[in-house]
Amino acid sequence: MESRNPTNAWHTSDEGFRRLIEQVKDHAIFQIDLQGRPTTWNEGVRRILGFTEREFVGCEVTPLIFTPEDVHANVPQKELDYATRHGSASDDRWLCRKDRSRFFASGFTTALHDSTGKLIGFFKVIRDLTDMKRTEQALRESEERLRLILESATDYAIITTNTAGKILTWNFGAQQIFGYSAEEAVGHHARVLYTPEDRASQCDEIERETVLREGRAVTECWQQRKDGSRFWASGVTHRIPDHQTGAILKILRDWTEQKLSKEKLEHTVEDRTARLRETVGELESFSYSVAHDMRAPLRAMQGFAIMLQEELGNGLSPPAQDYLRRITNSANRLDLLVQDVLNYSRVARSDLPRVPISLAQIIAEVIESSPNLQPPKADINIDGEIPMICGNHAALTQVVANILSNGVKFVSPGVHPRIRIRVEDVPEIEDGKPSVKVWFEDNGIGISAEAQQRMFQMFQRLNPASRYEGTGIGLAIVRKAVERMGGSVGVESEPGKGSRFSIQLHRAVTT
Ligand code: ADP
């Protein structure tokens, strides 16, 4: 505890008030005599200036409190002179602590007079404003940074309005984009920035209401410049949170070029797609008619070959008989190919109206119509019940026939073909419709992973033609038909371990 300097005498008769001043910590409060020497001290002097009572009272401290520059400019005396003349003086300036560090202070000096009116000294109050000053400085700097950002964003119109739509601020970018100077825009209603049609339908008000309600709105619309021309504006509008008066910030850019080139691109793509569709359609009908027209001469070849065989069969030399057999075989193969191409065209081109259908019944019909799919040649079993599905009868018959005939065809020599058909329920897929997956599992030769990738394409035959007959179109028909019925196909297999083909289709909706 420090001893009280006996000269410490406050010019107040109120003891309670005197004690109160001594205890004040956040203000340095003291009196000085006419020579500028402190005659009193309080706790705030220690806190703010760093002097103990002993170091302070009666000492030559004035030159230590003021900065050397202010001492040099005679500021301490000028302040006292001013207070003497006007009764008091107040000033905000940098001061020094005992350790010579500086702080920004708010100072107040009052002249003290005795009962006869004679000047006897001064009463001083000093408050440390460093934190406030720092906050102010940081605020100023951040405002300056913000101003620089706003000014340098020349490609962006950054505008604030009040909640009624009156323009409050207008940056250089806004001037560039809309053509109005800040003087012309600020204070006016933002409605002028909209096209007459949008103004008539109160688009600006609707946008403001959305922003005030939801905090944010996206702007994608035509806006109007000062000269009446239009540009496509793209941007966002935000409600500025915690703004006392309520304000709206709008950030826009001129996106006309991008919009027009996007539209142009879309038109080009649309045009090309339409042309491509037309060409594909023409090609399809061309190939269909070619395939169709080829069947008549083919049938003639087959028919005349049979007639030749019947009329001259035994009279022909063995080489001639071989030629005849080859002609018949080739004609038959070509006929098969033409039929498959026609089947593919039909599945790809014709309408496939879908109705609730029993897949189990279609499977039974296909098996019944083909001896190759029946015992003793093959065994085909259905596990469980297949639910009604939504499909096209003709297309599904083709799909089932192709998968089953492949299943019994592609087996190793000496292996008795077996196919197991089972159903898997699938959760609702992307389109939200309940579906069912039907698996056809065979005990055939299997398929390599690489071949699985391309086997659903046209004319893909993965085994030597000498060993397994075919056209390479069957699975292409399967995929096309299933996809056109809104489903999908799949395969899982390993060479030597059989194959599992799946078709996934929508379940029939039962009411
Ligand atoms: P293909 O007329 O040759 O049967 P597909 O389009 O039906 O034509 O089948 C394409 C190829 O996929 C076949 O040539 C065969 O190599 C292979 N493949 C199809 N189904 C099976 C199967 N169940 N097991 C093994 N390989 C198969």
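**Exercise 1. Work out whether Asp 204 is buried or exposed, and which side chains it pairs with.**

Step 1: Start with the surface. Asp 204 has a relative accessibility of 2%, so it counts as buried; here buried means under 20% relative accessible area, exposed means over 50%, and partly exposed is in between (1.4 Å probe, protein chains only). Keep in mind that this is a predicted model: local features need pLDDT of at least 70 and side-chain atom pairs count only at pLDDT 80 or more, while totals for chains, interfaces and linings use all residues. Residues are numbered from 1 along each chain as its sequence is written, and side-chain values use heavy atoms, with hydrogens and water left out.

Step 2: Look for a charged partner. Arg 191 and Asp 204 meet in a salt bridge, 3.5 Å from N to O (a side-chain nitrogen of Lys or Arg within 4 Å of a carboxyl oxygen of Asp or Glu). Arg 191 sits in the loop between α9 (182-185) and α10 (196-200) and Asp 204 in helix α11 (residues 203-214), so the pair ties together parts that are 13 residues apart in sequence. Helices (H or I, at least four residues) and strands (E, at least two) are DSSP runs, numbered from the N terminus. Arg 191 itself is partly exposed, at 33% relative accessible area.

Step 3: Check for another partner. Asp 204 also meets Arg 208 in a salt bridge, at 3.7 Å from N to O. These two are four residues apart in helix α11, so about one helical turn separates them. Both Asp 204 and Arg 208 are buried.

Step 4: Zoom out. A search of the whole structure turns up 29 salt bridges. Some join up: Asp 383, Arg 420, Arg 422 and Glu 441 are linked in a network.

**Exercise 2. Find out which residues Gly 490 touches, and follow one of them to a salt bridge.**

Step 1: Place the residue. Gly 490 lies in strand β15 (residues 488-493), and at 17% relative accessibility it counts as buried.

Step 2: List the contacts (heavy atoms within 4.5 Å). Leaving out residues up to four places away in sequence, Gly 490 touches Phe 456, Arg 500, Phe 501 and Ser 502.

Step 3: Follow Arg 500. Its salt bridge partner is Glu 492, with the closest N and O atoms 3.5 Å apart. Arg 500 is partly exposed at 26%, and Glu 492 is partly exposed at 40%.

Step 4: Now follow Phe 501. In the largest nonpolar core, which has 49 residues, Phe 501 is one of those that touch the most other members. Such a core is a set of buried Ala, Val, Leu, Ile, Met, Phe, Trp, Tyr and Cys residues joined through side-chain atoms within 4.5 Å. Among the elements giving two or more residues to this core are α15 (393-409) and β16 (499-506).

**Exercise 3. Count the disulfides, and explain why Cys 221 has no bond to Cys 203.**

Step 1: Count. The whole structure has zero disulfides (a disulfide being a pair of cysteine sulfur atoms within 2.5 Å).

Step 2: Check the distance. For Cys 221, the closest cysteine sulfur is in Cys 203, 7.0 Å away, and that is too far for a bond.

Step 3: Add the surroundings. Cys 221 is buried at 15% relative accessibility, whereas Cys 390 is partly exposed at 21%.
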